Amino acid sequence: MQNILLTLNASPYGSERILSALRLTLALASHSQPSRIKLFLISDAVITAQSGQGNTAGPSLGEMLTEAMAHSVAVYVCRSCAEARGLDQTRLLPGVKISTMPELAGWTLEADKVLSF
C-alpha cells in the first residue's frame with residue numbers, strides 16, 4: 001500500500017490548480033491499487049474546505065472534497081493558515097481536520113509520493 005501526500009496551496013477559485021488536484025485525488029482514490037491518501041491544504045487553499053460555499057460555474061470544490069473524504073481520503077487544513085483567514089473547526093466541511101506544520105513534516109517523511117499543487 002502506498003502513502004500519497006498531496007499539498008494544495010493555491011487559491012481555490014484563482015486558477016484550476018485546486019480543481020486539478022481534486023480530480024487527481026478522486027482518480028487515485030478510485031484506482032484499483034490500494035493507497036492511503038492525505039490532502040493538506042495550506043495558504044489560500046484552506047478556503048476550499050470552508051462549508052457553505054456556493055457554486056457559480058463548474059464543479060463544486062467542496063463537493064469534490066466531500067467525495068474524496070467518502071473514499072477514505074484524509075483532509076487537513078493548516079491551523080495557522082485557517083486562523084489567519086478566520087476559519088475554525090465550526091466553519092469547515094464535516095470531516096476536515098485542523099493540523100499543523102510539524103504533522104505535515106512527519107507525513108512528508110512517511111510518504112512514498114508527495115505531490116504539490
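Start with the whole chain in cartoon view and trace it from its N terminus: the pattern reads β-α-β-α-β-α-β-α-β. That makes 4 helices and 5 strands, where helices (H or I, at least four residues) and strands (E, at least two) are DSSP runs numbered from the N terminus. You are looking at a predicted model, in which local features need pLDDT of at least 70 and side-chain atom pairs count only at pLDDT 80 or more, while totals for chains, interfaces and linings use all residues. Numbering runs from 1 along each chain as its sequence is written, and side-chain values use heavy atoms, leaving out hydrogens and water.

**Stop 1: the whole chain**

Keep everything selected for a moment. The radius of gyration is 13 Å, close to the 13 Å that the globule rule gives for 117 residues, so the chain is as compact as a globular protein of that length. Here the radius is taken over C-alpha atoms, and the rule is 2.2 Å times the number of residues to the power 0.38. Along the principal axes, the C-alpha atoms fill a box of roughly 35 × 30 × 25 Å. Colour by accessibility next: buried residues make up 41% of the 117, with buried meaning under 20% relative accessible area, exposed over 50% and partly exposed in between (1.4 Å probe, protein chains only). Among contacts (heavy atoms within 4.5 Å) between residues at least 6 apart in sequence, 76% join residues at least 24 apart.

**Stop 2: the sheet**

Now select the strands. In what order do they lie in the sheet? The order is E4-E3-E2-E1-E5, an open sheet of 5 strands with parallel pairing; two strands pair if DSSP finds at least two bridges between them. Click on E4 (97–99) and E5 (113–116): these stand at the edges with a single partner strand each, so one side of each is left without a neighbour in the sheet. From one strand to the next, the twist averages 25 degrees, an angle between N-to-C directions (from 0 to 180 degrees) of lines fitted to C-alpha atoms. Then zoom in on E2 and E3, which run parallel and are joined by 4 bridges. Phe40 stands opposite Tyr76 in E3, which leads to the next stop.

**Stop 3: an aromatic cluster**

Show the side chains of Phe40, Tyr76 and Trp107, which form one aromatic cluster. The structure holds 2 aromatic pairs. Rings of Phe, Tyr and Trp (its six-membered ring) pair if their centres lie within 6.5 Å; planes under 30 degrees apart count as stacked, over 60 as edge-to-face and the rest as tilted.

Why is the pair of Phe40 and Trp107 edge-to-face? The ring centres are 6.2 Å apart and the planes stand at 65 degrees, so that class applies. Phe40 lies in strand E2 (residues 35–41) and Trp107 in helix H4 (residues 101–110), so the pair ties together parts 67 residues apart in sequence. Both Phe40 and Trp107 are buried.

Tyr76 and Trp107 form a tilted pair, 4.4 Å centre to centre with 40 degrees between the planes. Because Tyr76 lies in strand E3 (residues 74–78) and Trp107 in H4, this pair ties together parts 31 residues apart in sequence. Tyr76 is buried, as is Trp107.

**Stop 4: two serines in loops**

Most residues other than glycine have a negative phi. Select Ser43, in the loop between E2 and helix H2 (61–70): its phi is positive, about 55 degrees. Is Ser43 buried or partly exposed? At 30% relative accessibility, Ser43 counts as partly exposed.

Finish at Ser72, in the loop between H2 and E3. Its phi is also positive, near 70 degrees, and at 65% relative accessibility Ser72 counts as exposed.
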